[in-house]
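Colleague: I want a close look at one part of this model: its cavities. Please take me through that part, then set it against the rest of the chain.

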Amino acid sequence: MRLIAYGLDHQTAPLALREQVAIADAMLPEALRELRAQPGVEEALILSTCNRTELYCSVHEGAEPVPAQWLHARHCLPAGRLDDMLRQWSEREAVRHLFRVATGLESMVLGEPQILGQLKEAYQHAHTAGTLDVTLERLLQNTFAVAKRVRTDTGIGTQPVSVAYTAVRLAERLFTDIAHACVLLIGAGETIELAARHLSERRVARLTVVNRTVGHALALVQRTGGLAAALSDLPAQLAEADIVISSTASPAPIIDRAMVQQALARRRHRPMFMVDLAVPRDIAAEVAELRDVFVYSIDDLRQVVDEGRRVREAAAEEAQTLIELQVERFCAWRKALAAHNPVQTLRQAAAQQRDEVLARAQAMIAHGKSPDEALAFLANTLTNKLLHTPSVKLREAAEQGDTELLRAAARLYGCPANDDPPP
């Protein structure tokens with residue numbers, strides 16, 4: 001079994017392409033089950049955030065390209081469309097990459113803490129969908145432990161480095177006195193809550209949170225201060241806003257050109273500063289063409305100077321040392337598991353037989369056989385294949401008088417051996 005990972009992120013792919021392959025939280029259960037059902041795929045985890053979409057899988061030998069092929073097919077992309085931007089890691093490199101992602105070493109803003117929470121959410125989705133087994137389950141638990149230790153033992157968490165914080169700092173640079181600004185936040189997730197906390201600390205003139213579910217917005221402002229409003233109030237709220245920061249999970253823009261034009265007219269064309277932290281984008285791309293509007297996407301934030309970066313870069317070197325040690329430990333566990341775990345070997349052999357028989361049944365249907373015929377073939381053939389080797393070994397054991405093996409087989413299938421005493 002091979003451990004592999006595929007991914008594209010802010011370093012390899014433009015925002016437009018990242019939007020195209022992003023998988024919304026609501027779609028993750030279905031996507032995970034689809035990926036797990038691909039031939040040769042035994043385990044699957046999908047991490048999809050504003051900056052990256054990554055697949056982590058355990059696959060049989062020869063099935064390494066399958067996750068990338070699935071990603072192309074799911075998003076209706078021509079074969080090879082992502083090849084120049086889709087990076088692949090295997091075994092040790094996949095483990096190292098996941099550890100680096102979880103600790104913020106691969107983030108746009110070095111050391112940002114949000115990615116760990118997003119990874120934990122991805123784990124919960126995969127756990128609920130039933131797409132994790134021994135390898136990825138152990139890898140994820142190790143990952144969380146590594147991230148916690150890096151944050152505790154190094155200085156990588158000493159500066160506020162979230163994307164939300166960077167957006168607020170950018171707003172401060174563009175407004176002479178941010179305390180006089182009216183701010184509109186769209187969404188109610190962690191990113192927006194972080195932005196609300198930073199803005200509350202700066203005592204902005206007015207802070208309003210708009211969300212599709214008003215109750216979530218109310219709960220947020222109770223923690224951070226400000227006002228809550230429904231998404232239906234967005235046009236009116238937009239006209240009052242000097243600063244707009246948006247981060248929702250909407251699959252399509254929620255602010256279009258016409259809406260912003262109307263808001264500008266009501267504002268008598270007082271400038272607006274807008275930061276779109278969502279992928280896919282919340283603010284339509286053509287809004288940036290309007291006069292008196294300054295729109296920044298999540299990719300634009302990389303241009304913001306971060307005075308604490310040098311401190312975090314030094315801490316990142318310490319973090320990498322810790323990561324390398326844990327990579328070695330996990331790989332040693334993998335090696336020992338492969339050498340001493342007959343259950344894993346049995347499962348791998350059974351899965352390979354399943355995939356072979358399933359492919360033959362699918363081919364029967366493709367060549368005109370009825371689904372009932374294909375199902376009957378699948379059931380009979382798979383049963384025979386799975387029982388063939390155990391049956392042969394049990395016959396040999398009976399002929400050779402190997403009562404220990406016969407007793408073990410009887411216990412395995414929950415029935416008494418012939419020479420067991422009656423209860």
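Modeller: Start with a term. Helices are DSSP runs of H or I with at least four residues, strands are runs of E with at least two, and both are numbered from the N terminus. The model is predicted.

Now the cavities. The count is 2 at a threshold of 30 Å³ or more. I will take the second largest cavity, which holds about 30 Å³ of space. Eight names make up its lining: Cys182, Val183, Leu184, Arg206, Thr208, Gln237, Glu240 and Ala241. Three elements each give two or more residues to this lining, namely β5 (182–186), β6 and α10 (234–240). Which element gives the largest share of the lining? Strand β5 does, with 3 residues.

Strand β6 (206–211) links this site to the largest pocket. β6 supplies at least two residues of that pocket's lining, as do β2 (41–48), α5 (114–129) and α8 (190–201). The pocket has a volume of about 1,200 Å³. Its lining runs to 46 residues. Nearest the pocket's centre lie Asp25, Gln118, Ser247, Thr248 and Ala249. Here the largest share comes from helix α5, with 6 residues. So much for the open and closed spaces.

Next, the surroundings. Strand β2, one of the pocket-lining elements, also helps to cover helix α3. Helix α3 spans residues 66–74, and its buried residues are Val66, Pro67, Ala68, Trp70, Leu71 and His72. Their cover includes β1 (2–9), α2 (28–36) and β3 (52–59) as well as β2. After α3 comes cysteine 76, with a positive phi near 55°.

Two partly exposed residues make a contrast. Glycine 215 sits in helix α9, residues 214–224. Is glycine 215 buried, partly exposed or exposed? Glycine 215 is partly exposed, because its relative accessibility is 40% and that class lies between the 20% and 50% cut-offs. Its C-alpha is 29 Å from that of alanine 31, with the two positions 184 residues apart along the chain. Glutamine 352 belongs to helix α13, residues 342–366. Glutamine 352 also counts as partly exposed, because its relative accessible area is 46%. The C-alpha of glutamine 352 lies 46 Å from that of alanine 164, a residue 188 places away in sequence.

Last, the whole chain. The secondary structure comes to 15 helices and 10 strands. A box of roughly 95 × 55 × 50 Å along the principal axes holds the C-alpha atoms. Of the 423 residues, 47% are buried. Take contacts between residues at least 6 apart in sequence: 71% of them join residues at least 24 apart. The accessible surface is about 21,100 Å², and carbon and sulfur atoms account for 53% of that area. Charged side chains number 47 positive and 53 negative, with the centres of the two sets 3 Å apart.

Back to your part. For the second largest cavity, look at β5, β6 and α10, and begin with the 3 lining residues that β5 gives.

Methods: Residues numbered from 1 in each chain as written. Predicted model: local features only at pLDDT ≥ 70, side-chain atom pairs only at ≥ 80, totals over all residues. Heavy atoms only, no water. Buried < 20%, exposed > 50% of the residue type's maximum accessible area, 1.4 Å probe, protein only. Contact = heavy atoms within 4.5 Å. Areas by Shrake-Rupley, 256 points an atom, 1.4 Å probe, with all protein chains shown as cover. Lys, Arg positive; Asp, Glu negative; His and termini not counted. Charge placed at Lys NZ, Arg CZ, Asp CG, Glu CD. 1 Å grid on protein atoms, 1.4 Å probe; cavity = no way out; pocket = protein on both sides within 12 Å on 5 of 7 lines; lining within 4 Å. Points joined across faces, edges and corners; volume = space filled by probe spheres on them.
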